[in-house]
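Please read the report below alongside the sequence and the 3D structure. It takes up selected positions, the metal site, the main pocket and the backbone in turn.

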Amino acid sequence: MTYSLPPLPYDPAALEPHLSARILELHHGKHHQAYVDGANATLDKLAAARDQGDFASLVGLQKTLAFNVAGHVLHSLYWQNMSPDGGGRPQGELAAAIDDQFGGFDAFRAQMTAATVSVQGSGWSALVWEPLGRRLVVEQIEDHHNHSIEGARPLLVIDAWEHAYYLQYENRRAEYVEAIWNVVNWDDVATRFAAAVG
Ligand code: MN
């Protein structure tokens, strides 16, 4: 299999009370696993289409591949972006870049919070490094892959799908996003920023 589910980097209960153990168990073990399985299954179908020289289903397969691989990528990042020792503010070069490009951490946080809360349907927010303009950008992603900028490197992502919070926060997505800020692993984000910029 090309893709496999990475283990959670902490115990499912490690992010409580901000995110419940049951949410993490289901989100990681069921939802993320489904994107991994979907990506592998779609690669198999594409291989079969090539073998048979029959590309009648290609458009649907391409869409399904993007949905599932992007879902796998985002969830793999999401787990790493959180830590029971997280929260607070970024430091160093990342903090300076956020100040420079968003007018301060509070303004950045307000924009990313709004991007997460206002996703229509299912989606994500993402802080990305856009290499052509050499700047940080906040994206609002629909599903896992729509409205994302080609070539941009995601540094910090927040899942806004209902499965990420509904069991604990019901319809109160804004409360979930406020809780997420308490567990953001800024060391992980800063490491990704340094690698992207360098
Ligand atoms: Mn999810």
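## Buried positions in loops

At 18% relative accessibility, N185 counts as buried, a term that stands for under 20% relative accessible area, with exposed meaning over 50% and partly exposed in between (1.4 Å probe, protein chains only). N185 sits in the loop between α6 (173–180) and α7 (186–197), where helices (H or I, at least four residues) and strands (E, at least two) are DSSP runs, numbered from the N terminus. Although N185 and M82 are 103 residues apart along the chain, their C-alpha atoms are separated by 4.8 Å. The model is a predicted one, in which local features need pLDDT of at least 70 and side-chain atom pairs count only at pLDDT 80 or more, while totals for chains, interfaces and linings use all residues. Residues are numbered from 1 along each chain as its sequence is written, and side-chain values use heavy atoms, with hydrogens and water left out.

S83, in the loop between α2 and α3 (92–102), is likewise a residue that counts as buried, at 11% relative accessibility. From C-alpha to C-alpha, S83 and P9 are 8.4 Å apart in space, with their positions 74 residues apart in sequence. V119 belongs to the loop between α4 (105–117) and β1 and is buried at 6% relative accessibility; V119 and G198 are 79 residues apart in sequence and 31 Å apart in space, C-alpha to C-alpha.

## The manganese site

Which residues supply the protein donors of the manganese ion? They are H27 (NE2), H75 (NE2), D159 (OD) and H163 (NE2), at 2.0 to 2.2 Å from the ion. Donors here are N, O and S atoms within 2.8 Å of the metal (3.2 Å for Na, K and Ca), and because water is not among the atoms, sites may look incomplete.

Along the sequence, the donor residues follow the spacing H-x47-H-x83-D-x3-H. Distant parts of the chain are linked by the pair H27 and H163, which are 136 residues apart, H27 lying in helix α1 (residues 21–52) and H163 in the loop between β3 (153–159) and α5 (166–169). H27 is buried, with a relative accessible area of 1%, and H163 is buried too, with a relative accessible area of 18%.

## The largest pocket

The largest pocket has a volume of about 290 Å³, a volume being the space filled by probe spheres set on grid points that are joined across faces, edges and corners. On a 1 Å grid over the protein atoms alone, a pocket is an open set of points with protein on both sides within 12 Å along at least five of seven lines, whereas a cavity is a set of points where a 1.4 Å probe fits but cannot get out; lining residues have an atom within 4 Å of a point.

The largest pocket is lined by 15 residues, and E139, S148, I149, A152 and P154 are those nearest its centre. Two or more lining residues come from each of α2 (58–80), β1 (123–130) and β2 (135–142), and α2 gives the most, with three residues. The lining divides into nine nonpolar, four polar and two charged residues, where Ala, Val, Leu, Ile, Met, Phe, Trp, Tyr, Cys and Pro count as nonpolar, Asp, Glu, Lys and Arg as charged, and the others, Gly among them, as polar. At least three lining residues are drawn from each of domain 1 (21–80) and domain 2 (92–197), with bounds that come from an automatic or database domain assignment.

## Backbone details

Most residues other than glycine have a negative phi, and most peptide bonds are trans. A cis peptide bond, with omega about 5°, joins E16 and P17, and P17 is found in the segment before α1.

R134, a residue other than glycine, has a positive phi near 50°; R134 lies in the loop between β1 and β2 and is partly exposed, with a relative accessible area of 47%. D143 also has a positive phi, near 55°. D143 is placed in the loop between β2 and β3 and is partly exposed, with a relative accessible area of 28%.
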